[in-house]
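Me: I'm new to this structure and would like to look closely at a single part of it. Could you walk me through one helix and its surroundings?

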Amino acid sequence: MLELRPTAADTAHAPATALEAARRVDAVLDDVLETRLRQARQVDPVFAEDVAGRVAGLIRRGGKRLRTAFVWCGWRAAGGTGDASAVLRTGAALELLQACALIHDDLMDGSPLRRGGPTVHVELTRLHSAARMTGSGESFGASAAVLAGDLALAWADDLLTEVALRLPHGPRLYEEWRAMRGEMVAGQYRDLHAQATGSSGVEEALTVATLKSALYTVERPLALGAALAGARPATVDALRRAGRHAGLAFQLRDDLLGAFGDPALTGKPADDDLRTRKLTYLLAVAVRLAAASGDEEAVAALAPASTDRPDGAVERMRKALEWTGARALTETKIAELAAASLRHFEDTGADTAVREEFAALVARVSGGVPQRTEDIA
């Protein structure tokens with residue numbers, strides 16, 4: 001079996017904590033991105049500057065790399081010790097995959113900001129204008145952003161495959177990765193489908209949240225880490241349960257920030273989800289409570305619309321989320337999910353230090369500690 005050839009950033013010493021792993025992955029990402037950019041320049045310099053450079057720029061612009069931290073937790077909970085280069089490179093692959101998801105998600109949502117700067121499709125639309133190209137700038141920006149997201153996915157797959165081919169438990173690692181990619185696409189489609197049909201169902205909202213975010217944010221990273229350590233099935237099952245609950249808590253927190261967050265702190269608009277009436281658990285609970293109480297004003301404010309909502313309608317929608325009690329109930333649900341996640345993680349038999357690391361991460365992603373949205377996105 002071939003051995004991984006880690007960089008100096010990988011091998012100085014194994015990360016002692018989850019957050020140290022999250023910090024260390026940046027150096028690995030830098031090495032990977034430099035290699036990919038050099039390869040892109042060899043293919044075509046225009047493509048390298050316009051597309052590959054923007055993918056690398058987004059990755060380097062923000063995020064606390066907490067998916068890497070969850071890989072570390074899964075690895076350590078399953079008994080992983082010693083050389084952590086595969087952990088860090090798996091975490092780097094997740095960050096590349098996250099870039100694909102963000103680029104495509106921002107395009108589909110029409111979002112102008114990500115991590116405090118213009119989204120990739122907006123940057124590429126501006127490039128079209130600045131270069132005085134012909135045709136529609138919006139169409140050019142959208143088409144090029146699709147390619148940018150595809151490139152990020154290709155880079156992610158290449159890196160994960162390199163890791164899997166060189167490890168004894170590589171097939172298990174790749175199977176987790178394969179399943180995660182399919183879940184992400186399914187979740188994104190269910191999100192689009194729910195928005196197009198004007199759905200308001202609580203169970204459907206939870207399905208979308210699970211597929212689109214909870215699995216690949218926490219559950220699959222934990223399972224990827226466990227696969228690196230050759231974990232027992234019982235350990236993997238406990239990690240899956242812990243990750244599913246923590247991942248849902250993360251998404252529900254993100255939904256709240258999407259409706260009530262401060263753009264100066266989150267790095268993205270606070271009303272995109274409301275303007276487009278994106279199906280979230282928060283919205284679904286509000287619709288159910290408004291209907292049950294006979295609150296016709298709230299029902300009208302939360303109802304589907306044929307076009308994006310103007311500012312006044314968005315503000316009425318935001319107020320309805322408050323006065324129906326949906327915001328408070330969502331906060332309660334987040335706390336319950338976070339607590340359940342910690343209980344399931346204990347079933348792994350991980351030592352106290354690893355349990356404490358995991359608890360700190362769950363507090364961060366569920367909103368138990370102050371954070372910027374870009375820190376967890």
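Reply: Happy to help; what follows is a tour of helix 17 and the aromatic rings around one of its residues. Please keep in mind that this is a predicted model.

Let's begin with the helix itself. Helix 17 covers residues 352-366, which makes 15 residues. From its first C-alpha to its last it reaches 21 Å, close to the 21 Å expected at 1.5 Å a residue.

Now for the two ends. At the N-terminal end, Asp351 acts as a cap: one of its side-chain oxygens lies 3.2 Å from the backbone nitrogen of Ala353. Just after the helix comes Gly367, which takes a positive phi of about 95 degrees.

Next, which residues of helix 17 are buried? They are Val354, Phe358, Leu361, Val362, Val365 and Ser366. These residues cover an arc of only 120 degrees around the axis, so they sit on the same side of helix 17.

One of these buried residues, Phe358, deserves a longer stop. Phe358 has a relative accessibility of 0%, and it counts as buried because that is under the 20% cut-off.

The model has 2 aromatic pairs. In one of them, Phe70 and Phe358 meet edge-to-face, with 6.0 Å from centre to centre and 70 degrees between the planes. This pair links distant parts of the chain: Phe70 belongs to helix 4 (residues 66-77) and Phe358 to helix 17, 288 residues apart. Both Phe70 and Phe358 are buried.

Phe358 also pairs with Phe345. Here the ring centres are 4.1 Å apart and the planes lie at 5 degrees, so this pair is stacked. It, too, is described as linking distant parts of the chain, with Phe345 in helix 16 (residues 326-346) and Phe358 in helix 17, 13 residues apart. Phe345 is buried as well, since its relative accessible area is 1%.

Put the two pairs together and you have a cluster: ring pairs link Phe70, Phe345 and Phe358. As you turn the structure, try finding Phe358 in helix 17 and then looking for its partners, Phe70 in helix 4 and Phe345 in helix 16.

Note on methods
Residues numbered from 1 in each chain as written. Predicted model: local features only at pLDDT ≥ 70, side-chain atom pairs only at ≥ 80, totals over all residues. Heavy atoms only, no water. Helix = DSSP H or I, 4+ residues; strand = E, 2+ residues; numbered from the N terminus. Expected span 1.5 Å × (residues − 1). Buried < 20%, exposed > 50% of the residue type's maximum accessible area, 1.4 Å probe, protein only. Arc of directions from axis to C-beta. Polar contact = N/O pair within 3.5 Å; in protein donor to acceptor, adjacent residues only side chain to side chain. Phe/Tyr/Trp six-rings, centres within 6.5 Å; stacked < 30°, edge-to-face > 60°.
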